[in-house]
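Q: Please take a close look at the largest pocket of this model: what lines it, and what can be said about the backbone and the exposure of individual residues?

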Amino acid sequence: MLEKIFIKDYNNVKSANVRAKYGYLASGVSLVMNILLAVAKIVVGVIFASVAVLADGLNNLTDGGNLAVSLVGFKFANRPADSKHPYGHARLEYVISLVISIVILFIGFELFSSSIEKIVKPEPQEYSMIMVGVLVASIVLKIWLGLFNRRLGKKIDSLTLKATAMDSINDSIVTVAVLISTLVGMYTGVSLDAYCGIIVSLFIFYSGIMLIKETMGPLLGETADESLVEEIISKIKMYDGVKGVHDIQAHNYGPNKYFISLHVEVDRNVDIMVSHEMIDKIETDLNDENIHVVIHMDPVVINNPVLDKYKEMEKNIVKEINEHSTLHDFRMVDGENRINLIFDVTVPFSDKRTDCEIKELVENKTKEIDTKLFTVVNIDRF
(Lines give C-alpha, C1' and ligand atoms only; values in the text may rest on other atoms or scores of the structure.)
Protein backbone atom coordinates (compact mmCIF):
# COMPACT_ATOMS: atom_id res chain seq x y z
CA MET A 1 0.00 0.00 0.00
CA LEU A 2 1.19 3.50 -0.85
CA GLU A 3 0.79 4.80 2.71
CA LYS A 4 3.28 2.21 3.97
CA ILE A 5 5.84 3.50 1.49
CA PHE A 6 5.34 7.25 1.85
CA ILE A 7 4.03 7.74 5.42
CA LYS A 8 6.14 7.04 8.46
CA ASP A 9 4.11 5.84 11.45
CA TYR A 10 1.13 5.43 9.09
CA ASN A 11 -1.00 3.63 11.70
CA ASN A 12 -1.01 6.63 14.06
CA VAL A 13 -4.00 8.18 12.28
CA LYS A 14 -4.99 10.37 15.24
CA SER A 15 -1.79 12.38 14.88
CA ALA A 16 -2.38 15.69 13.10
CA ASN A 17 0.91 15.33 11.19
CA VAL A 18 0.10 11.80 10.05
CA ARG A 19 -3.40 12.89 8.96
CA ALA A 20 -1.89 15.72 6.94
CA LYS A 21 0.52 13.30 5.23
CA TYR A 22 -2.41 11.05 4.30
CA GLY A 23 -4.07 14.11 2.78
CA TYR A 24 -0.93 15.02 0.84
CA LEU A 25 -0.58 11.46 -0.47
CA ALA A 26 -4.21 11.06 -1.55
CA SER A 27 -4.46 14.52 -3.10
CA GLY A 28 -1.08 14.19 -4.84
CA VAL A 29 -1.86 10.81 -6.40
CA SER A 30 -5.32 11.97 -7.49
CA LEU A 31 -3.94 15.23 -8.90
CA VAL A 32 -1.40 13.43 -11.11
CA MET A 33 -3.98 10.90 -12.33
CA ASN A 34 -6.57 13.57 -13.18
CA ILE A 35 -4.09 15.71 -15.09
CA LEU A 36 -2.97 12.69 -17.16
CA LEU A 37 -6.58 11.71 -17.89
CA ALA A 38 -7.54 15.29 -18.71
CA VAL A 39 -4.70 15.69 -21.21
CA ALA A 40 -5.48 12.34 -22.89
CA LYS A 41 -9.21 13.06 -23.22
CA ILE A 42 -8.81 16.65 -24.39
CA VAL A 43 -6.33 15.57 -27.08
CA VAL A 44 -8.58 12.70 -28.24
CA GLY A 45 -11.68 14.91 -28.07
CA VAL A 46 -10.06 17.59 -30.24
CA ILE A 47 -8.64 15.12 -32.79
CA PHE A 48 -11.91 13.22 -33.28
CA ALA A 49 -14.22 16.22 -32.75
CA SER A 50 -15.97 14.52 -29.82
CA VAL A 51 -17.73 17.03 -27.61
CA ALA A 52 -18.56 14.38 -25.01
CA VAL A 53 -14.95 13.19 -24.60
CA LEU A 54 -13.68 16.77 -24.60
CA ALA A 55 -16.18 17.70 -21.88
CA ASP A 56 -15.17 14.63 -19.85
CA GLY A 57 -11.54 15.74 -20.12
CA LEU A 58 -12.42 19.24 -18.95
CA ASN A 59 -14.27 17.63 -16.04
CA ASN A 60 -11.05 15.82 -15.07
CA LEU A 61 -9.15 19.09 -15.38
CA THR A 62 -11.63 20.68 -12.98
CA ASP A 63 -11.03 17.80 -10.57
CA GLY A 64 -7.31 18.52 -10.80
CA GLY A 65 -7.98 22.10 -9.75
CA ASN A 66 -10.10 20.91 -6.83
CA LEU A 67 -7.34 18.54 -5.73
CA ALA A 68 -4.81 21.36 -5.84
CA VAL A 69 -7.17 23.25 -3.50
CA SER A 70 -7.36 20.14 -1.27
CA LEU A 71 -3.57 20.01 -1.01
CA VAL A 72 -3.54 23.63 0.09
CA GLY A 73 -6.38 22.86 2.52
CA PHE A 74 -4.51 20.00 4.20
CA LYS A 75 -1.40 22.20 4.38
CA PHE A 76 -3.18 25.07 6.12
CA ALA A 77 -5.44 22.83 8.25
CA ASN A 78 -2.31 21.35 9.84
CA ARG A 79 -0.96 24.76 10.86
CA PRO A 80 -0.60 25.20 14.64
CA ALA A 81 -2.80 27.51 16.68
CA ASP A 82 -1.98 31.22 16.71
CA SER A 83 -3.26 34.39 18.38
CA LYS A 84 -6.12 34.78 15.88
CA HIS A 85 -6.98 31.08 15.75
CA PRO A 86 -6.36 29.72 19.27
CA TYR A 87 -8.07 26.42 18.44
CA GLY A 88 -6.00 25.74 15.34
CA HIS A 89 -6.98 25.58 11.66
CA ALA A 90 -8.33 22.02 11.37
CA ARG A 91 -11.85 23.20 10.51
CA LEU A 92 -10.48 24.47 7.21
CA GLU A 93 -10.75 20.85 6.01
CA TYR A 94 -14.53 21.12 6.35
CA VAL A 95 -14.52 24.31 4.30
CA ILE A 96 -12.52 22.59 1.56
CA SER A 97 -15.02 19.71 1.58
CA LEU A 98 -17.85 22.19 1.14
CA VAL A 99 -16.06 23.81 -1.81
CA ILE A 100 -15.60 20.40 -3.48
CA SER A 101 -19.28 19.61 -2.91
CA ILE A 102 -20.35 22.87 -4.54
CA VAL A 103 -18.08 22.14 -7.53
CA ILE A 104 -19.75 18.72 -7.88
CA LEU A 105 -23.13 20.49 -8.01
CA PHE A 106 -21.81 22.88 -10.64
CA ILE A 107 -20.51 20.01 -12.78
CA GLY A 108 -23.86 18.23 -12.52
CA PHE A 109 -25.72 21.37 -13.58
CA GLU A 110 -23.34 22.02 -16.50
CA LEU A 111 -23.63 18.41 -17.68
CA PHE A 112 -27.42 18.61 -17.50
CA SER A 113 -27.44 21.86 -19.53
CA SER A 114 -25.04 20.45 -22.13
CA SER A 115 -27.14 17.31 -22.49
CA ILE A 116 -30.32 19.31 -23.06
CA GLU A 117 -28.49 21.44 -25.63
CA LYS A 118 -27.31 18.33 -27.49
CA ILE A 119 -30.86 17.00 -27.66
CA VAL A 120 -32.17 20.30 -29.04
CA LYS A 121 -29.23 20.79 -31.42
CA PRO A 122 -27.73 17.38 -32.30
CA GLU A 123 -24.29 17.38 -33.92
CA PRO A 124 -22.48 14.62 -35.90
CA GLN A 125 -19.69 12.85 -34.04
CA GLU A 126 -16.61 10.87 -35.13
CA TYR A 127 -15.69 7.56 -33.46
CA SER A 128 -12.42 5.65 -32.97
CA MET A 129 -11.11 2.67 -30.97
CA ILE A 130 -8.46 5.01 -29.57
CA MET A 131 -11.31 6.97 -28.03
CA VAL A 132 -12.77 3.76 -26.58
CA GLY A 133 -9.38 2.76 -25.13
CA VAL A 134 -8.92 6.13 -23.42
CA LEU A 135 -12.42 5.95 -21.92
CA VAL A 136 -11.95 2.39 -20.64
CA ALA A 137 -8.60 3.31 -19.07
CA SER A 138 -10.22 6.37 -17.49
CA ILE A 139 -13.03 4.28 -15.96
CA VAL A 140 -10.57 1.80 -14.42
CA LEU A 141 -8.32 4.53 -13.01
CA LYS A 142 -11.22 6.60 -11.67
CA ILE A 143 -12.75 3.62 -9.87
CA TRP A 144 -9.36 2.83 -8.36
CA LEU A 145 -8.95 6.46 -7.29
CA GLY A 146 -12.43 6.46 -5.73
CA LEU A 147 -11.73 3.31 -3.72
CA PHE A 148 -8.26 4.61 -2.78
CA ASN A 149 -9.57 7.95 -1.48
CA ARG A 150 -12.55 6.35 0.26
CA ARG A 151 -10.28 3.89 2.10
CA LEU A 152 -7.90 6.62 3.23
CA GLY A 153 -10.84 8.93 4.05
CA LYS A 154 -12.35 6.30 6.35
CA LYS A 155 -8.98 5.58 7.90
CA ILE A 156 -8.36 9.19 8.96
CA ASP A 157 -12.04 10.20 9.10
CA SER A 158 -11.59 12.94 6.49
CA LEU A 159 -14.63 14.53 4.86
CA THR A 160 -12.35 16.02 2.23
CA LEU A 161 -11.07 12.62 1.06
CA LYS A 162 -14.56 11.12 1.24
CA ALA A 163 -15.84 13.95 -0.95
CA THR A 164 -12.96 13.40 -3.38
CA ALA A 165 -13.74 9.68 -3.46
CA MET A 166 -17.37 10.37 -4.29
CA ASP A 167 -16.30 12.74 -7.03
CA SER A 168 -14.03 10.07 -8.54
CA ILE A 169 -16.84 7.50 -8.55
CA ASN A 170 -19.16 10.06 -10.15
CA ASP A 171 -16.52 10.74 -12.81
CA SER A 172 -16.28 7.03 -13.61
CA ILE A 173 -20.08 6.91 -14.05
CA VAL A 174 -19.93 9.93 -16.35
CA THR A 175 -17.22 8.23 -18.40
CA VAL A 176 -19.24 4.98 -18.54
CA ALA A 177 -22.13 6.97 -20.01
CA VAL A 178 -19.80 8.53 -22.56
CA LEU A 179 -18.36 5.11 -23.41
CA ILE A 180 -21.82 3.57 -23.85
CA SER A 181 -22.87 6.44 -26.08
CA THR A 182 -19.65 6.07 -28.07
CA LEU A 183 -20.10 2.31 -28.60
CA VAL A 184 -23.78 2.66 -29.50
CA GLY A 185 -22.99 5.46 -31.91
CA MET A 186 -20.04 3.55 -33.37
CA TYR A 187 -22.05 0.39 -34.13
CA THR A 188 -25.60 1.68 -34.69
CA GLY A 189 -25.28 5.32 -35.63
CA VAL A 190 -27.80 6.23 -32.87
CA SER A 191 -26.56 8.88 -30.41
CA LEU A 192 -27.54 8.28 -26.76
CA ASP A 193 -24.92 10.59 -25.31
CA ALA A 194 -27.29 13.42 -24.38
CA TYR A 195 -29.89 11.16 -22.73
CA CYS A 196 -27.25 9.34 -20.66
CA GLY A 197 -25.87 12.74 -19.72
CA ILE A 198 -29.19 13.83 -18.22
CA ILE A 199 -29.45 10.73 -16.01
CA VAL A 200 -25.84 11.01 -14.86
CA SER A 201 -26.10 14.75 -14.19
CA LEU A 202 -29.10 14.21 -11.90
CA PHE A 203 -27.17 11.53 -10.00
CA ILE A 204 -24.16 13.83 -9.62
CA PHE A 205 -26.39 16.68 -8.44
CA TYR A 206 -27.93 14.43 -5.78
CA SER A 207 -24.47 13.30 -4.62
CA GLY A 208 -23.37 16.91 -4.30
CA ILE A 209 -26.38 17.77 -2.14
CA MET A 210 -25.69 14.79 0.15
CA LEU A 211 -22.04 15.81 0.51
CA ILE A 212 -23.02 19.39 1.39
CA LYS A 213 -25.42 18.07 4.01
CA GLU A 214 -22.67 15.90 5.51
CA THR A 215 -20.20 18.78 5.55
CA MET A 216 -22.51 21.44 7.00
CA GLY A 217 -23.05 19.46 10.21
CA PRO A 218 -19.52 19.84 11.63
CA LEU A 219 -19.25 23.37 10.24
CA LEU A 220 -22.37 24.46 12.14
CA GLY A 221 -21.32 22.52 15.24
CA GLU A 222 -22.37 18.95 15.94
CA THR A 223 -22.48 17.15 19.27
CA ALA A 224 -19.49 14.93 19.93
CA ASP A 225 -19.72 11.22 19.35
CA GLU A 226 -21.68 9.69 22.23
CA SER A 227 -19.12 6.92 22.72
CA LEU A 228 -16.35 9.51 23.18
CA VAL A 229 -18.33 11.36 25.87
CA GLU A 230 -19.18 8.11 27.68
CA GLU A 231 -15.55 7.03 27.57
CA ILE A 232 -14.39 10.31 29.14
CA ILE A 233 -17.07 10.16 31.86
CA SER A 234 -16.12 6.56 32.69
CA LYS A 235 -12.44 7.48 33.00
CA ILE A 236 -13.17 10.46 35.27
CA LYS A 237 -15.44 8.47 37.58
CA MET A 238 -12.60 6.00 38.21
CA TYR A 239 -10.70 8.66 40.19
CA ASP A 240 -11.11 8.44 43.96
CA GLY A 241 -12.82 11.63 45.14
CA VAL A 242 -15.06 12.20 42.13
CA LYS A 243 -18.69 12.29 43.27
CA GLY A 244 -20.33 13.12 39.93
CA VAL A 245 -19.80 14.48 36.41
CA HIS A 246 -22.16 16.83 34.56
CA ASP A 247 -22.47 19.80 32.16
CA ILE A 248 -20.28 18.22 29.48
CA GLN A 249 -19.72 20.42 26.43
CA ALA A 250 -17.65 19.01 23.55
CA HIS A 251 -16.61 21.38 20.77
CA ASN A 252 -15.28 20.00 17.51
CA TYR A 253 -12.48 22.00 15.88
CA GLY A 254 -11.59 19.55 13.12
CA PRO A 255 -11.54 15.78 12.54
CA ASN A 256 -10.77 14.00 15.84
CA LYS A 257 -9.95 17.33 17.51
CA TYR A 258 -12.11 18.22 20.54
CA PHE A 259 -12.10 20.85 23.25
CA ILE A 260 -14.19 19.54 26.14
CA SER A 261 -15.40 21.35 29.25
CA LEU A 262 -17.22 19.67 32.13
CA HIS A 263 -18.02 19.88 35.84
CA VAL A 264 -16.75 17.39 38.42
CA GLU A 265 -18.41 17.17 41.85
CA VAL A 266 -16.18 16.76 44.90
CA ASP A 267 -16.86 16.52 48.63
CA ARG A 268 -16.86 20.05 50.06
CA ASN A 269 -15.38 18.76 53.33
CA VAL A 270 -12.20 17.58 51.62
CA ASP A 271 -9.32 20.09 51.61
CA ILE A 272 -9.73 22.28 48.53
CA MET A 273 -6.05 21.89 47.62
CA VAL A 274 -6.40 18.09 47.63
CA SER A 275 -9.44 18.26 45.35
CA HIS A 276 -7.75 20.81 43.11
CA GLU A 277 -4.70 18.57 42.76
CA MET A 278 -6.98 15.69 41.76
CA ILE A 279 -8.71 17.86 39.12
CA ASP A 280 -5.33 18.89 37.70
CA LYS A 281 -4.29 15.26 37.46
CA ILE A 282 -7.49 14.30 35.63
CA GLU A 283 -6.96 17.12 33.11
CA THR A 284 -3.33 16.11 32.57
CA ASP A 285 -4.23 12.44 32.12
CA LEU A 286 -7.04 13.13 29.65
CA ASN A 287 -5.40 15.83 27.56
CA ASP A 288 -3.59 14.64 24.46
CA GLU A 289 -2.93 15.85 20.92
CA ASN A 290 -6.59 15.63 19.91
CA ILE A 291 -8.58 16.10 23.13
CA HIS A 292 -8.18 19.11 25.41
CA VAL A 293 -10.21 18.90 28.63
CA VAL A 294 -11.02 21.76 31.03
CA ILE A 295 -12.72 20.85 34.32
CA HIS A 296 -14.74 23.05 36.66
CA MET A 297 -14.74 21.82 40.27
CA ASP A 298 -18.10 21.73 42.07
CA PRO A 299 -17.94 21.21 45.88
CA VAL A 300 -21.09 19.39 47.05
CA VAL A 301 -22.55 18.34 50.38
CA ILE A 302 -22.09 14.63 51.07
CA ASN A 303 -23.96 12.42 53.58
CA ASN A 304 -26.54 14.98 54.72
CA PRO A 305 -29.73 12.96 55.40
CA VAL A 306 -32.17 15.88 54.91
CA LEU A 307 -30.51 17.13 51.73
CA ASP A 308 -30.18 13.57 50.36
CA LYS A 309 -33.89 12.99 50.98
CA TYR A 310 -34.95 16.08 49.04
CA LYS A 311 -32.42 15.39 46.31
CA GLU A 312 -33.78 11.89 45.77
CA MET A 313 -37.31 13.30 45.74
CA GLU A 314 -36.44 15.82 43.02
CA LYS A 315 -34.60 13.14 41.00
CA ASN A 316 -37.82 11.15 40.87
CA ILE A 317 -39.84 14.23 39.88
CA VAL A 318 -37.38 15.06 37.09
CA LYS A 319 -37.48 11.48 35.77
CA GLU A 320 -41.28 11.55 35.85
CA ILE A 321 -41.26 14.68 33.68
CA ASN A 322 -38.73 13.25 31.21
CA GLU A 323 -37.07 9.86 31.60
CA HIS A 324 -33.90 11.11 29.89
CA SER A 325 -33.46 14.11 32.20
CA THR A 326 -30.98 14.25 35.07
CA LEU A 327 -30.39 16.49 38.08
CA HIS A 328 -27.14 18.01 39.37
CA ASP A 329 -25.71 20.86 41.46
CA PHE A 330 -28.35 20.27 44.14
CA ARG A 331 -28.32 22.75 47.06
CA MET A 332 -30.73 23.57 49.87
CA VAL A 333 -31.42 26.82 51.75
CA ASP A 334 -33.43 26.05 54.88
CA GLY A 335 -35.55 28.93 56.24
CA GLU A 336 -38.15 29.27 58.99
CA ASN A 337 -41.20 29.33 56.69
CA ARG A 338 -39.82 27.93 53.45
CA ILE A 339 -37.11 25.66 52.05
CA ASN A 340 -35.49 26.58 48.76
CA LEU A 341 -34.28 23.67 46.66
CA ILE A 342 -31.78 24.91 44.07
CA PHE A 343 -30.60 22.63 41.25
CA ASP A 344 -29.96 22.20 37.54
CA VAL A 345 -31.97 19.89 35.28
CA THR A 346 -30.68 18.52 31.98
CA VAL A 347 -33.39 18.24 29.33
CA PRO A 348 -32.93 16.76 25.83
CA PHE A 349 -33.50 19.03 22.82
CA SER A 350 -36.15 16.54 21.70
CA ASP A 351 -38.38 17.76 24.57
CA LYS A 352 -40.29 20.61 22.88
CA ARG A 353 -41.66 22.09 26.09
CA THR A 354 -40.25 25.50 27.00
CA ASP A 355 -37.90 25.94 29.96
CA CYS A 356 -40.64 27.86 31.80
CA GLU A 357 -43.11 25.01 31.31
CA ILE A 358 -40.63 22.46 32.67
CA LYS A 359 -39.77 24.65 35.66
CA GLU A 360 -43.48 25.07 36.41
CA LEU A 361 -44.01 21.30 36.27
CA VAL A 362 -41.13 20.73 38.72
CA GLU A 363 -42.47 23.41 41.06
CA ASN A 364 -46.05 22.08 41.02
CA LYS A 365 -45.05 18.44 41.59
CA THR A 366 -42.76 19.52 44.44
CA LYS A 367 -45.52 21.50 46.14
CA GLU A 368 -47.86 18.50 45.86
CA ILE A 369 -45.47 16.78 48.27
CA ASP A 370 -44.81 19.71 50.60
CA THR A 371 -46.14 23.29 50.24
CA LYS A 372 -43.18 24.58 52.24
CA LEU A 373 -40.81 23.61 49.42
CA PHE A 374 -39.85 26.06 46.68
CA THR A 375 -37.68 25.21 43.66
CA VAL A 376 -35.10 27.34 41.88
CA VAL A 377 -34.33 25.44 38.69
CA ASN A 378 -31.86 26.07 35.88
CA ILE A 379 -32.50 24.16 32.64
CA ASP A 380 -29.59 22.72 30.64
CA ARG A 381 -30.29 21.37 27.15
CA PHE A 382 -28.36 18.49 25.63
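A: **The largest pocket and two aspartates**

Asp 247 is found in strand β1, and in this predicted model that strand gives the most to the lining of the largest pocket, with 9 residues. The space in the largest pocket comes to about 1100 Å³, and of the 35 residues that line it, the closest to its centre are Val 229, Asp 247, Ile 248, Thr 346 and Phe 382. At least two lining residues come from each of α8 (226-237), β1 (244-252), α10 (305-321), β4 (326-334) and β6 (373-381), so that helices and strands both take part. Sorted by class, the lining holds 13 charged and 12 polar residues, together with 10 nonpolar ones.

The backbone of Asp 247 deserves separate attention, since its phi is positive, about 50 degrees, although the residue is not a glycine. Another residue other than glycine with a positive phi is Asp 329, where the value is near 55 degrees; Asp 329 is found in strand β4, one of the elements that supply at least two residues of the lining.

The exposure classes of these two aspartates can be set out in turn. Asp 247 has a relative accessibility of 22%, and therefore counts as partly exposed, because the buried class is reserved for values under 20%. Asp 329, with a relative accessible area of 14%, is under that cut-off and is therefore buried.

Terms used. Residues are numbered from 1 along each chain as its sequence is written. This is a predicted model: local features need pLDDT of at least 70, side-chain atom pairs count only at pLDDT 80 or more; totals for chains, interfaces and linings use all residues. Side-chain values use heavy atoms; hydrogens and water are left out. On a 1 Å grid over the protein atoms alone, a cavity is a set of points where a 1.4 Å probe fits but cannot get out, and a pocket is an open set with protein on both sides within 12 Å along at least five of seven lines; lining residues have an atom within 4 Å of a point. Grid points are joined across faces, edges and corners, and a volume is the space filled by probe spheres set on the points. Helices (H or I, at least four residues) and strands (E, at least two) are DSSP runs, numbered from the N terminus. Ala, Val, Leu, Ile, Met, Phe, Trp, Tyr, Cys and Pro count as nonpolar, Asp, Glu, Lys and Arg as charged, and the others, Gly among them, as polar. Buried means under 20% relative accessible area, exposed over 50%, partly exposed in between (1.4 Å probe, protein chains only).
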